[in-house]
Amino acid sequence: MRFDIFSVFPSYLNSLQLSLVGKANEGGAIDVRVHDLRDWTEDRHRTVDDTPVGGGAGMVMRADIWGKALDTAFDADLGIAHPRRILAIPTPAGYPLSQEICNDLATGSDQIVIACGRYEGIDGRVADHYANRDDVEVFEFSLGDYVLNGGEVAALALVEAVARLVPGVIGNPQSLVEESHGTAGLLEYPNYTRPLDWRGLSVPAILTSGDHGRVARWRRDEALRKTALRRPDMIAGLDAASLDRRDRATLGQHGWYWPKNPALGAHPIRPTAEIARNRHAAAEYAALARSTFPDACPPTMSPADIEAFLETNLSEEFFTAAIQSDDTRVVGVRDMHGNLIAYSLSIIPEGDGVAGADEGAPVDAVLSVGDRIGPLIELSKFYLHRDWRGSGLGGLLMTATLEELLSATRAWERPYVWLGTNARNRRAQGLYAKLGFEVVGRRTFMVGEQSNDDVVMARTLDVTY
Ligand code: JD8
């Protein structure tokens, strides 16, 4: 890989003789050449710039000088039949430089010629001219959304970022994998060394445990956590199929979820929870209720009974009333397209009554949980769209539900919420247990003419699990 860098401040690039790039250049793994643009001027003032055509502040660098200089680099014989030659032009108006682009340049190009501009920049025809040559690819790039005084800093960054990816330049290519923006697509975890204690700060104990599996997990979680906090755009770009159960738990703590079946969602997203206040959303909730309630019914339940229950208890009219009532709370979760993918419905009792008492609220059972009887909220409905089951989204819905119920019951001393779920529905019981509910009793739940044996679970409202 050959680098030709043209600048009116060639000594600015002297640092490329140092460290890894310097050694690689001495060793021949790469060939770095720095050129003084003024060597292609012909006037005694070695002029490289002139006033901007059309007016404006500052000076613009002349195309004719650049043309003569760059031609010498592109006419160089690289000893390769059809070399891939790149003209890289740093400019604040360029494409953002990325690790992916550096990987492509390091593995797929033979010569990178960098034109470092100064003043107001280089005459725009230089890029157009070389873009028309079929043996040169022009890449106008930017280091980032801030303004520098010239292209030299960007040239240093490009050469270092590409050279270190050229085979034979870095001693242990393995270290390229776990670094930020590496193939993992995450920011890197923090690193530590001796002294193990410094100014009252200790190296995380897990790192001296010798348990490589736990150390690797800790580092993965740290990388996921830091990336979720600092670069959510990178999390949104992760391939969901490459993420395991522990990744799902860690990213769930930062609001990122994806369907279990990658075919239904290739990347993590950040669903949003809502308290339904607009009755016009009733149809959406009724539609989700209609598509989810049957999945919670035992196979023995007749479609007629299910249909009757849906018509009576989960209709659009029902949700219109529920959304507008002060005694109920309808909470929904939407995906990034605004589709409703989960909902809960809770019934708040009058005064210190017990919601759902007539439907077999286990007053006595809850008494056994709490140290005193108090208002009991019924979590009557808690459903996830089937595509999102097992995704951890239940945690987001439960947190939003409990936070809303907590704000609705501020005056209560120790509010409890209870729910009933079909005794045979182990998946649901497992989810509720993970979400802080304890089994406190049983009840019979009628759907149409069919009685169902429900497990009753309850918990306090404080949102810790
Ligand atoms: C090349 C001249 C200075 C820029 C008038 C200040 C890259 N991320 C980046 N920020 N700035 C540059 C950059 C700045 C340059 C040149 C790159 C050549 N300037 C100009 C326009 C406004 N002065 C860059 N990569």
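## A pair between two helices

At 24% relative accessibility, R220 counts as partly exposed, and in this predicted model its side chain meets the side chain of D247 in a salt bridge, with 3.0 Å from N to O. R220 belongs to helix α7 (residues 212-230) while D247 belongs to helix α9 (residues 245-252), so the pair ties together parts that are 27 residues apart in sequence. D247 has a relative accessible area of 2%, which lies under the 20% limit, and D247 is therefore counted as buried.

This pair does not stand by itself, since salt bridges that share partners join R217, R220, D221, D244, R246 and D247 into one network.

## An arginine with two partners

R133 is buried, with a relative accessible area of 18%, and its side chain takes part in a salt bridge with the side chain of D71, at 3.8 Å from N to O. R133 lies in the loop between α4 (125-131) and β7 (136-142), whereas D71 lies in helix α2 (residues 63-74), so this salt bridge ties together parts that are 62 residues apart in sequence.

The side chain of R133 also meets that of D135 in a salt bridge, here with an N to O distance of 2.9 Å. Both acidic partners are partly exposed, D71 with a relative accessible area of 28% and D135 with one of 29%.

## The structure as a whole

The pairs described above are among the salt bridges of this model, for a search of the whole structure finds 30 of them.

Methods. Residues are numbered from 1 along each chain as its sequence is written. This is a predicted model: local features need pLDDT of at least 70, side-chain atom pairs count only at pLDDT 80 or more; totals for chains, interfaces and linings use all residues. Side-chain values use heavy atoms; hydrogens and water are left out. A salt bridge is a side-chain nitrogen of Lys or Arg within 4 Å of a carboxyl oxygen of Asp or Glu. Helices (H or I, at least four residues) and strands (E, at least two) are DSSP runs, numbered from the N terminus. Buried means under 20% relative accessible area, exposed over 50%, partly exposed in between (1.4 Å probe, protein chains only).
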